[in-house]
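User: I am new to this structure and would like the reasoning behind some of its labels. Can we go through them one at a time?

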Amino acid sequence: QQCCIDVLLRYCRLFFASPDRRPQDEQDGDVAPEEANELPEDLASFLKSLRSLLSSSSKGVTLSAVVALCYLAPSKELKVVTLPFLRCLRQSPSEMAKALLTAFMPIVEARPELVRPHIREFFVHSFDPAEVKSQKLAMLKHLVDETNVQLVLRELQAYVSWHSQPDFVALAVQGVAGVALKISAVADSCLRGLVKMLDSKCEALACEAVVALRALLQQRHKSGDSGLGSVLPHLSRYLDDLVAPTARASVVWIIGQYQREAPQLGPDVVRRLSKGFTAERDEVKQQILGLSLKVWAFHTLNARGEVRTDGSAEGGAKHTPGGSAQLAASQPGVSPEESSGLLPRLEAIVDHISTVASYDAAWDVRDTARALKRLRDAAKSGLLSGEGSLSGGDAGLGAWYCRACVGLGGAVPTDVASAGEAGAGDAKSFQDTWILGSLAQALDFPLDTYRPLPAWAAENSPDQLRKPKAEPPLAAMAPKSISSSNVGNVQHMETRVQNPSNIAKMAPVSSLEDLDLFYSDDGPTGAGRGL
């Protein structure tokens, strides 16, 4: 049955046009939409047979019918595949559930409204294998919307408490961040929840919460009321307890990127990090070098009065309208006098960090330290001479970079944001790299025997091609002779056996020897007869 479904699926793609296409006559208004979308008789018959196979007891046949309907049926008739698939998912063992979820994932990505009413079917059980858990979390991410977001968040909150499974906890935290990025209405509650996760004794949970916070704050900073001022002190307090290099580097980057929200926090963080700089990992060292330059640039410009109390930066950095409104909404919080008092000690700490990093064992850390030190020296001369453009040589570049560190917060670039929004609304189709449910999709690479699905035909082929030809009836055999014994072309052999009258003039038999004469080639003799 599965082989027959695959053969007929390819046949229908080769000889029928797509049911969802719009013919030229319909576009011109000559044909009504109902008549234009009328299915050919043979295609409709095959789709009817596929719907009946959805109730098959074989999960393989059911999945083949689901896949064929997704490729052949009109979009408005695809609701029938949901319940049979869920029935197979509930009844299948764990090793088969992974294959079913892999095959159905492109359908959920393209048409989530088909499965969204049954979102509870994709809640994770503690006894599910690791692959099934990750696939179910991906399903929940695609199915969440404004109507079920609270239900999904409560479920993810329960997964976060499974500390005995750190890998799955990390995936659950990523799911929380993904929900917050997808639905802005719950971003505040997700942000508060991620900050609370930093207190967890589970190292995997705390580290993954920091990475998720970084992604979420990048999007939140685009709004005027981002609330970052209350988040940064929490991150600074938890910095000493974080062990994972990725989490530490993310916290350092967040503090440096959004230091305008809490300007008094930056110098203290730089001081604390300078004490254990040599013991940090390479990625953390690079982030510390960037943080020290950004904090120094902010307080240098603030001491010169270039960072005004309205939040705008003087001196040449051009901001977008959204960025100007964002900066105007935030207050520096540090007066020029306070920055002037901090600068001598802050500059000494920054020089110490640059000197230690310039002799580091990692060449990329050494190069980063020397490049940023050269940039800071050029910025000093550029600020003293009044240079502020890229055409002013090294001095102008250094001054421009310092103003950019202060004036351009951490907003997501416009092209990146637009690309993410465009990717969220891809075409509603099932065009996957491999055929749904195939071995190539499970392995993510094709074998030699793999054949891709053919494209739809340009137009429907006539139904007469598939009608069987009428063959003429077989001619009756002519009788070999005409008599009363072969009426109806039937030979009555019993009549011929009962009347063997073809032997004439037989000699009378008087002894047993005479019977042998019947088989003898010689005729009867007188001597023989006289004996």
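Analyst: A contact here means heavy atoms within 4.5 Å. By that rule Glu155 touches Phe123 and Val124, leaving aside residues up to four places away in sequence. The model is a predicted one.

User: Where does Glu155 sit in the secondary structure?

Analyst: Glu155 lies in helix H9, which covers residues 149–160. The protein has 25 helices and 0 strands.

User: Why is Glu155 said to have no salt bridge?

Analyst: A salt bridge needs a side-chain nitrogen of Lys or Arg within 4 Å of a carboxyl oxygen of Asp or Glu. For Glu155 the nearest side chain of opposite charge is Arg120, at 6.6 Å, so the cut-off is not met. Glu155 is nevertheless buried, which means that its relative accessible area is under 20%.

User: What makes the pair Glu155 and Tyr159 a polar contact?

Analyst: The limit for a pair of N or O atoms is 3.5 Å. The side chains of Glu155 and Tyr159 are joined at 2.6 Å, so the distance falls within that limit.

User: How many of the residues in the protein are buried?

Analyst: Of the 531 residues, 42% are buried. The accessible surface comes to about 29,800 Å², with 55% belonging to carbon and sulfur atoms.

User: What is the predictor's confidence in the protein?

Analyst: The mean pLDDT is 77, and 74% of the residues reach 70 or more. Residues 309–332 have pLDDT below 50, and this stretch makes 43 contacts in the model beyond near neighbours in sequence. Residues 408–428 are also below 50, with 22 such contacts.

Conventions:
Residues are numbered from 1 along each chain as its sequence is written. This is a predicted model: local features need pLDDT of at least 70, side-chain atom pairs count only at pLDDT 80 or more; totals for chains, interfaces and linings use all residues. Side-chain values use heavy atoms; hydrogens and water are left out. Helices (H or I, at least four residues) and strands (E, at least two) are DSSP runs, numbered from the N terminus. Buried means under 20% relative accessible area, exposed over 50%, partly exposed in between (1.4 Å probe, protein chains only). Accessible areas come from the Shrake-Rupley method with a 1.4 Å probe; for residues, only the protein chains shown count as cover. Lys and Arg count as positive and Asp and Glu as negative; His and the chain ends are not counted. A polar contact is a pair of N or O atoms within 3.5 Å; within protein, one must be able to donate a hydrogen and the other to accept it, and residues adjacent in sequence count only if both atoms are side-chain atoms. pLDDT is the predictor's confidence in each residue, from 0 to 100.
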